[in-house]
Amino acid sequence: NTEECGWDGGDCVVEGYPDCHVGFPSLIADGECRSGAYNTEECGWDGGDCVVEGYPDCHVGFPSLIADGECRSGAYNTEECGW
């Protein structure tokens, strides 16, 4: 899965995200937010799976934890994620 090998002959190319290079492209936009290389700008925040509705600049590993009634620290407790 390298540029020199054509991203495995195209098998590792994620449609719509030309700069997204992950081990399992089929996991992009599959309805489940994944962290790491999947939850990046290049991969469209996991093809939209990690986008928090109403908070476009909030990028966390578990979007369902935003505004769930429990105060969390770290990336969850930021202006981008609505405190």
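**Glu-70, salt bridges, disulfides and a pocket**

Glu-70 is exposed, with a relative accessible area of 52%. The model in which this residue is described is a predicted one. The value for Glu-70 counts as exposed because the cut-off for that class is over 50%.

Glu-70 also takes part in a salt bridge with Arg-72, where the closest N and O atoms are 3.7 Å apart. Arg-72 has another partner as well: its side chain meets that of Asp-68 in a salt bridge, at 2.9 Å from N to O. Arg-72 itself is partly exposed, at a relative accessible area of 21%, and Asp-68 is partly exposed too, at 35%. Cys-71 is exposed, with a relative accessible area of 67%.

The structure holds four salt bridges. Side chains of opposite charge can pair when their charged atoms come close. Away from Arg-72, a network of salt bridges links Asp-30, Glu-32 and Arg-34. Within this network, the side chains of Glu-32 and Arg-34 meet at 3.6 Å, N to O. The two residues of that pair fall into separate accessibility classes: Glu-32 is partly exposed, with a relative accessible area of 45%, whereas Arg-34 counts as buried at 18%. Arg-34 is placed in the buried class because its value is under 20%.

The disulfides come next. A disulfide is a covalent bond between the sulfur atoms of two cysteines. The structure holds three of them. With the bonded cysteines numbered in sequence order, they pair as 1-3, 2-4, 5-6.

One disulfide is formed by Cys-20 and Cys-43, whose sulfur atoms are 1.9 Å apart. The torsion about this S-S bond is about 95°, so the disulfide is right-handed. Cys-20 and Cys-43 both sit in the loop between α1 (6-9) and α2 (44-47), yet the pair links distant parts of the chain, 23 residues apart. Both Cys-20 and Cys-43 are buried.

Another disulfide joins Cys-33 to Cys-50, with an S to S distance of 2.0 Å. Its torsion is about 105°, so the link between Cys-33 and Cys-50 is right-handed. Here Cys-33 lies in the loop between α1 and α2, while Cys-50 lies in the loop between α2 and β1 (51-52), 17 residues apart. Cys-33 is buried at a relative accessible area of 15%, and Cys-50 is buried at 0%.

The remaining bond to describe joins Cys-58 to Cys-81, S to S 1.9 Å. This link is right-handed, with 95° about the S-S bond. Cys-58 belongs to strand β2 (residues 55-59) and Cys-81 to the segment after β2, so the pair ties together parts that are 23 residues apart in sequence. Cys-58 and Cys-81 are both buried.

Last, the empty space. Rolling a probe the size of a water molecule over the atoms shows where such space is left. The largest pocket holds about 160 Å³ of space. It is lined by 14 residues, and those closest to its centre are Ile-66, Ala-67, Glu-70, Tyr-76 and Trp-83. By type, the lining divides into eight nonpolar, three polar and three charged residues. Glu-70 thus returns to the description: it is one of the residues closest to the centre of the largest pocket, and it forms a salt bridge with Arg-72.

Methods
Residues numbered from 1 in each chain as written. Predicted model: local features only at pLDDT ≥ 70, side-chain atom pairs only at ≥ 80, totals over all residues. Heavy atoms only, no water. 1 Å grid on protein atoms, 1.4 Å probe; cavity = no way out; pocket = protein on both sides within 12 Å on 5 of 7 lines; lining within 4 Å. Points joined across faces, edges and corners; volume = space filled by probe spheres on them. Nonpolar A, V, L, I, M, F, W, Y, C, P; charged D, E, K, R; others polar. Buried < 20%, exposed > 50% of the residue type's maximum accessible area, 1.4 Å probe, protein only. Disulfide = S-S within 2.5 Å. Helix = DSSP H or I, 4+ residues; strand = E, 2+ residues; numbered from the N terminus.
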